[in-house]
Amino acid sequence: MISCKDIKVTFNAGLATEKRALRGVDLEIPAGEFVTVIGSNGAGKSTLLNTIAGDIKSSSGKLLFDAWDVTKVSAAGRTRDVARVFQDPLAGTCGNMTVEENMALAYGRGKRGGLLPALNDDLRELFREQLKRLNLGLENRLDAEMGLLSGGQRQSISLLMSALQPSKILLLDEHTAALDPKTAALVMEITDQIVEEKNLTVMMVTHSMRQALDHGTRTIMMHEGKVMFDLKGEERKNYDVKDLLNLFAKARGDGEELDDDKLLLGA
Amino acid sequence: MSLFSFLGTLEIGLIFGLVAIGVYLTFRVLDFPDLTVDGSFTMGAAIAAALIIAGLNPYVATVCAVIGGAVAGMVTAWLNLRFNILHLLASILTMTALYTINLRIMGKPNLALIMEPTVLSPFEALGISSMYLKVIFVAVVVVLVGMAIAYFLNTQYGMGMRATGANARMAQANGIRIKQKIYAGLALSNGLVALAGALFAQTNGFADSTMGIGTIVVGLAAVIVGESLFGSRSMLVIIFSCIIGSLLYRLAVSVALNADFIGFTTSDLNLITALLVALALIVPHIRREQKARKAAAVGGEA
């Protein structure tokens, strides 16, 4: 269970450029839940995700992983519990290292790096098995340099890597946004497959309302640094993109037209 | 080239193989251009020479030299990581400070080690001529160190170090403590360079306060020569290509200096080295451009 308790994040506090990115987020994500997060640009989606990962320190509030208070724990100190896939396919892997070396790095997440060889035949066998599930023929390219693979291939491997070790939460930061539609669909399919198989707890930020409703078990929408609404269970099943847009306009309550192209296009 | 000067070239080439490995660790593995080595090479020589003259066992003196180099590397890392000083500048600061420190360690600008015992002394009883003994000893040390470093880079810790240089964000997301890796990497690199300095002082019989000038360029030249000859992903091959690169570089320089018709003298060495490094950097760049142009042409047809 991940619990956010009144988390506030302010950038450049006290300066003219002060930005209150999160204005008190209360959120509980029970184990096994797959939360999708939507919201317009600057709503605080990525800030929330990076706060959970530890890249950003909250100005006030509390963050708990089960009973463990991680509010002041560094990003590196949290990695035993936090797995991530970035938006940029190049960011999640090392381009000048091989596929198996990258996977060995992810296999070591949350463990102390010792002076034993990072790779051995048992691990290679494990990696090969995992890669087979992607159906991309990568199981025969363990020793290929990561930089030679396509963005979709790299993102698929990043996903596998994130699930090599158990985690309390998997953070997906618009991980299909930089891919072409066909590859994005494939990566989403692999995401669902891995999440289901390993019963992962997931938080996925997305710009696409369609994606937010089609995947996962719960959807939250963020606006101006707060959770604006929270859809789950039966209620969520009956929602479609249009309802979501209406809800969004209503919740803002200012009669303002929805002007975020990305949200509409993503639908 | 006489046999004597050939063996001398081999010996120095092998010793600078250690420098090349050190430079590879910072420039390539950690992506941290570190110029501290100009100072830590001299420091290794200075500590070893001063301690041997003070009566310490040469092996103990050499270990102290390595530790001294490692500390110098950590000072550079500290300046960069703790105070955000640009890595190049941080290393230049350490290098400059080391010049004074090395003079203090030696007490005068140079020390002679002619009659003192060295790491080679225990083997002199074997009856091999010292000309060959030096080369064999240095070769064994360099090969052992090379194998150890290649092994290290394939361990969990070493791979974390490589990831730190290749993609720090990814490394961090996988729980790798990147600052710790940078400290360790700079310590290891400068420790190796100091070892090279200590061996150089003992095989050549002197330590001099200016002997480290240009070490970085020579190390870089060796790394680049090695890289352009072997394009492998295997750490063992990469590390040994640094050593071979260093040997080839020394041989090339020695041939150039010995060829009377070219008319080079030793004072031209720095220019030759700089040109060589520039050339080695330019060639792959041009090749990449050509490849990109070709790829673009193919893409245009399709």
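Student: In this predicted model, how many residues of helix 5 of chain A are buried?
Tutor: A residue counts as buried if 20 or more other C-beta atoms lie within 10 Å of its own. Helix 5 of chain A is mostly covered. The buried residues include Gly152(A), Arg154(A), Ile157(A) and Met161(A). Of the 12 residues in the helix, the number buried is 11.

Student: Against which elements do the buried residues of helix 5 of chain A pack?
Tutor: Two strands are involved, and helix 5 of chain A lies across strand 6 and strand 7 of chain A. Its direction runs at about 175 degrees to strand 6 of chain A. The full list of packing partners in chain A is strand 6 (82–85), helix 3, helix 4 (121–132), strand 7 (169–173) and helix 6 (181–198).

Student: What span should helix 5 of chain A have at 1.5 Å a residue?
Tutor: The helix covers residues 151–162 of chain A, which is 12 residues. The expected span is 1.5 Å times one less than the number of residues. The end C-alpha atoms are 16 Å apart, which agrees with the expected span of 16 Å.

Student: Which strands stand at the edges of the open sheet of 6 strands in chain A?
Tutor: The strand order in this sheet is 6-7-8-3-9-10, with mixed pairing. An edge strand here has a single partner strand, so one side of it is left without a neighbour in the sheet. On average, neighbouring strands are turned by 20 degrees against each other, direction ignored. The edge strands of chain A are strand 6 and strand 10 (226–232).

Student: Do strand 3 and strand 9 of chain A run parallel or antiparallel?
Tutor: Strand 3 covers residues 34–39 of chain A and strand 9 covers residues 218–223 of chain A. The two are joined by 5 bridges, and Thr36(A) has Thr219(A) as its bridge partner in strand 9 of chain A. Their relative direction is parallel.

Student: What angle does helix 1 of chain A make with strand 7 of chain A?
Tutor: Helix 1 of chain A packs on the sheet that holds strand 7 of chain A. It touches strand 3, strand 6, strand 7, strand 8 (202–205) and strand 9 of chain A. Its direction makes an angle with that of strand 7 of chain A of about 145 degrees.

Student: What is the strand order of the open sheet of 4 strands in chain A?
Tutor: The pairing in this sheet is antiparallel. Strand 2 (19–29) and strand 5 (68–69) of chain A each have a single partner strand, so they stand at the edges. Helix 1 (residues 45–53) of chain A packs on this sheet, touching strand 1, strand 2 and strand 4 of chain A, at about 65 degrees to strand 2 of chain A. The order is 2-1-4-5.

Student: Which residue of strand 4 of chain A stands opposite Ser3(A)?
Tutor: Strand 1 (residues 2–11) and strand 4 (residues 60–65) of chain A run antiparallel and are joined by 5 bridges. Within strand 4 of chain A, Cys4(A) has Leu63(A) as its bridge partner. The residue opposite Ser3(A) is Leu64(A).

Student: Which residue takes a positive phi in the hairpin of strand 4 and strand 5 of chain A?
Tutor: These strands pair in the antiparallel sense over 2 bridges, and Leu64(A) has Asp69(A) as its bridge partner in strand 5 of chain A. The hairpin has 2 residues between the strands. The residue with a positive phi, near 55 degrees, is Asp66(A).

Student: Which helix of chain A gives the largest share of the side that touches chain B?
Tutor: The contact takes 28 residues from chain A and 19 residues from chain B. Helix 2 (75–78) and helix 3 (99–107) of chain A each supply at least two residues of the chain A side. That side divides into 12 nonpolar, 10 polar and 6 charged residues. The largest share, 4 residues, comes from helix 3 of chain A.

Student: Is Val140(B) buried or exposed?
Tutor: Val140(B) lies in helix 5 (residues 130–153) of chain B. A residue is exposed if 12 or fewer other C-beta atoms lie within 10 Å of its own. Val140(B) has 11 such atoms, so its class is exposed.

Technical notes
Residues numbered from 1 in each chain as written. Chains lettered and ligands numbered in written order. Predicted model: local features only at pLDDT ≥ 70, side-chain atom pairs only at ≥ 80, totals over all residues. Contact = placed C-beta atoms within 7 Å. Nonpolar A, V, L, I, M, F, W, Y, C, P; charged D, E, K, R; others polar. Pairing = 2+ DSSP bridges. Axes fitted to C-alpha atoms, helices over the stretch in contact; angles between N-to-C directions.
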